[in-house]
Amino acid sequence: MSDQGRDSTEVGRRQFLRRGAALGGAALLGPGVFLRPLRAAPPLGTKNLVVVELFGGNDGLNTIVPWAHEGGVYKSLWRPNIGIPSSSVLKIPGQTVGFHPALAPLKSHYDAGRLAVIQGVSSPDASFSHELARRIWYSGDPTSSSGDGWLGRYLAKFDAPAFPVAAEITKEPTQIASGAPGVVPAMKSPDDFVFPGDPLHPHETPLRRIAYARMAAGLSGVPGAIGKIAGTAESVLDLIDTFQTVPPIQQVAYPSGPFAAALRTAVRLMVSGVGMRYFHVALSGFDTHGAQPVLHANLLGNVAASLAAFHADLVLHGINQDTVAFVFSEFGRTIEENANLGTDHGGPGPAFAFGDGVNGGVYGSHPSLLPGALSELGEPVFTTDMRDVIGTVLMRWLGESQSSAGDVLHGHLPTDLGFIA
Amino acid sequence: MTIEFTPENAAHLLRRTGFGPRASEVAKWSKLGLNKTVDELLEGGTSGKTKPKKKSIEEIKAWWIRRLVASKNPLADKMALFWHDHFATAFGKVGSVTYMYKHLKKLRGKALLPFNKLLPAILKDSALVIWLDSHENKKGAPNDNLARESMEIFTTGVLNKNGNPNYTEKDVKEAARALTGWSQERGKFLFEAGDHDGSSKKIKGVQGKLDGHDFIQILLDDPATSRHIVWKLFCFFAYEVPLSDPVLDPLVSVWKSEDSSIRAVLGAMFRMDAFYSAEAKADRVKSPAEFMIGALRQLKAKVKSSKKWSDDLAFAMRALGQDLLDPPSVFGWEQGLAWTATDGLLQRVRVAEQIAGSRPEVKGPLSWKAKVLFGKSDTWDEQALDAGAVVQRVLDTLSIPTPSASTRSALVDYMNTAPNGSQATFVLNEESFDTKVRGVVALALASPEYQLS
């Protein structure tokens with residue numbers, strides 16, 4: 001949200017909402033009244049997980065390019081125009097697939113063993129609807145009938161934390177953490193968490209905060225929406241108190257844009273020691289029905305540069321061994337290009353795991369692209385079940401047993417795919 | 001069973017069919033009685049003859065906000081907002097301010113028309129055509145975006161009330177072929193015959209050389225459409241129910257007998273016992289539009305119309321999570337408690353402070369005066385309002401019918417406390433208005449109670 005170009009020096013003018021941060025807030029009444037000591041990290045293990053969602057349906061075939069697969073039919077048969085020419089593909093020794101050139105910032109990470117590519121991921125009877133497909137991925141339930149999220153179900157195996165251990169740094173809250181005990185805030189930045197006050201009467205702010213806390217406390221736990229809103233209000237105050245104790249930290253330079261900013265915020269929160277370990281971030285724009293070449297290249301470039309900065313930041317703060325990013329998209333795109341240099345909603349695509357804890361490499365098998373091998377709807381058949389991908393993260397990174405992971409995955413006992421150490 | 005049109009029921013109806021009713025409006029309508037009120041609400045069109053300057057999308061957004069604040073009969077505008085969420089079309093992709101303005105004009109002008117008139121008009125709208133790539137859907141190279149979303153979101157929905165799919169992927173592909181050539185030129189619908197696939201198709205069991213109009217008719221004839229739209233309307237105005245809930249059945253019947261008349265369906269809904277039940281009154285969370293516009297209406301805020309402030313108004317709505325004319329996806333906005341998740345609620349507290357603190361003497365997009373609450377300042381001494389009375393006046397002005405005891409006492413104590421924490425009995429004067437009353441208005445706007453409709 002930019003306010004560049006706004007003249008902030010105009011006398012007497014209050015920038016409506018631009019600089020809404022309160023003056024003073026808790027600090028005016030001195031320490032000890034609202035400030036509480038830093039929360040100890042909850043006993044959930046030391047691993048951090050950032051779930052990265054590429055929203056809109058990432059075109060997997062142009063991301064992990066099967067340039068040599070089955071004699072190169074990928075381009076010759078299906079994508080004469082938008083297919084990535086083999087000369088541009090960043091090749092992977094020993095594989096018939098390679099990277100889209102825009103993923104160059106991640107190539108060295110792949111070479112160093114920090115990037116796992118899992119091919120052909122989808123689920124039985126997968127949906128071509130954004131909404132339903134997301135629900136499938138968030139819940140780990142191919143029928144998309146479940147209302148909770150796999151991350152929420154995992155967190156539900158532990159006691160409610162005193163302070164949130166997970167956060168969504170997305171525009172809207174999603175289903176992925178539904179079912180988690182306690183609050184999983186949807187937030188943009190800890191800097192937002194200051195109690196708003198009137199700049200003309202800053203000494204009123206602590207009193208307003210007290211009143212707000214009393215209104216929240218008075219209705220918290222009451223049945224219905226009002227009780228939930230009051231509960232969220234209390235959690236907002238809790239976040240305000242805690243985030244005020246978090247000093248700013250030095251971070252590496254990140255690319256511009258809200259996606260990189262969300263990754264940056266995730267690192268900041270991890271480093272802050274308030275106990276937050278699990279994050280959901282998302283980048284939108286992958287629904288490339290037309291004009292795909294430039295759009296997709298820009299998106300992939302953004303993802304790669306942002307993840308590269310993210311990793312450098314983890315290294316700077318010494319938490320690179322403890323942090324993995326898991327990257328998915330709700331579906332891939334049609335094998336055949338359309339008449340507008342784009343693709344429509346399609347079938348399986350790659351998922352990724354990124355970080356020092358990853359066993360780098362290419363996993364699973366690439367779906368066949370031969371006309372005779374396609375599904376009834378004319379799309380490649382999936383070769384890796386999405387639940388096994390999530391299950392591997394649960395088992396290997398989050399330390400779940402197979403049966404416990406199966407519980408999270410609605411009864412599906414996951415196969416360990418081995419892409420995390 | 002007749003519904004008693006008490007002030008409480010009137011206020012409930014007005015909250016749901018508008019954006020923050022004022023006490024005087026509640027009084028006026030409740031005197032009129034339920035039937036006359038419902039009839040008049042349904043009759044009223046959208047307000048204002050002014051046109052926006054169409055230079056930036058922020059100006060269109062701010063213009064719509066101002067229209068909503070100024071409206072005397074906002075049901076049509078509330079329906080326009082409902083349809084905007086339903087046919088969610090975003091400027092971010094459409095890219096043309098003019099097309100988005102035309103789209104908005106269509107939604108506002110046709111908001112209360114029968115669905116069988118509204119649907120074809122919107123499906124031919126240039127902004128929507130671009131948004132769903134219809135202009136790129138051509139013979140031999142179909143793009144199924146418009147076909148898919150027409151079924152999935154705009155009409156039947158994915159599943160019917162028995163949980164069975166309303167259409168198959170094959171239907172989507174065939175419908176896409178029927179819609180080939182459905183395009184636009186310079187803001188007007190254009191059928192490109194040369195791009196149209198005129199061969200035989202089969203959509204949902206109907207075989208023939210089907211074109212876009214035939215496809216629309218198939219959707220309108222499908223009973224799943226009436227159910228799906230009636231369900232969305234009920235959840236929007238009354239309370240959340242599953243698609244199969246029998247409370248919807250009489251409204252679906254009205255749709256059938258009145259040929260998809262939205263006015264008839266709403267008229268029936270606003271006369272149902274269920275609409276005035278405890279369940280209906282309890283749990284609906286205000287959208288950001290209702291929150292912000294309601295506050296501005298109730299405080300009789302003056303909203304400036306110059307371009308300089310349009311950006312601020314648009315920004316506020318975006319921060320609250322409802323960027324008008326730029327919904328996050330074709331699915332529109334997530335309603336209900338999603339509005340008041342952590343960030344959404346924090347932003348409401350912030351906007352509450354900004355609105356409450358908007359003073360005429362400080363430059364900003366809006367302002368409101370003490371007069372709205374207390375009348376002229378030379379009458380304040382004789383009114384002798386203490387903190388409790390001031391709080392009551394604020395709660396009445398903001399149409400908060402049943403504040404909790406804890407909210408009321410928190411607000412009263414706030415007024416009677418000095419910055420150093422000591423007791424300081426509140427006395428109303430210009431200075432305490434500026435310090436304390438604006439503060440209690442901010443708190444009331446931020447209260448859990450105010451977030452509910």
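The exercises below work through the confidence, the interface and the strands of a predicted model of chains A and B.

Residues are numbered from 1 along each chain as its sequence is written, and chains are lettered from A in the order in which they are written. Local features need pLDDT of at least 70, side-chain atom pairs count only at pLDDT 80 or more, and totals for chains, interfaces and linings use all residues; side-chain values use heavy atoms, with hydrogens and water left out.

**Exercise 1. State the confidence of chain B and of the complex.**

Step 1. Chain B has an average pLDDT (the predictor's confidence in each residue, from 0 to 100) of 93, and 99% of its residues score at least 70.
Step 2. For the complex, the predictor gives an ipTM of 0.93 and a pTM of 0.86.

**Exercise 2. Describe the contact between chain B and chain A, from totals down to elements.**

Step 1. Counting contact as heavy atoms within 4.5 Å, chain B contributes 73 residues and chain A 63 residues.
Step 2. The buried area (accessible area, 1.4 Å probe, that two parts lose on being put together, summed over both) is about 6100 Å², and carbon and sulfur atoms give 63% of that area.
Step 3. Four salt bridges (a side-chain nitrogen of Lys or Arg within 4 Å of a carboxyl oxygen of Asp or Glu) link the chains. One of the salt bridges joins B:D413 to A:R214, with the closest N and O atoms 2.8 Å apart.
Step 4. On the chain B side, α10 (145-154), α18 (307-320), α19 (342-356), α23 (405-415) and α24 (430-446) each supply at least two residues; helices here are DSSP runs of H or I, at least four residues, and strands are runs of E, at least two, numbered from the N terminus.
Step 5. The largest share of that side, 11 residues, comes from α19(B).

**Exercise 3. Analyse the hairpin of β1(B) and β2(B).**

Step 1. β1 (residues 182-185) and β2 (residues 188-191) of chain B pair in the antiparallel sense over four bridges; pairing requires that DSSP finds at least two bridges between two strands.
Step 2. Within this pair, B:E185 stands opposite B:K188 in β2(B).
Step 3. Two residues lie between the strands, and B:R186 takes a positive phi near 50°.

**Exercise 4. Why do β2 and β3 of chain A each have one side without a neighbour in the sheet?**

Step 1. The open sheet of chain A has three strands in the order β2-β4-β3, with antiparallel pairing.
Step 2. β2 (64-65) and β3 (90-91) of chain A stand at the edges with a single partner strand each, so one side of each has no neighbour in the sheet.
Step 3. β2(A) pairs with β4 (residues 98-99) of chain A over two bridges, and A:V65 stands opposite A:G98 in β4(A).
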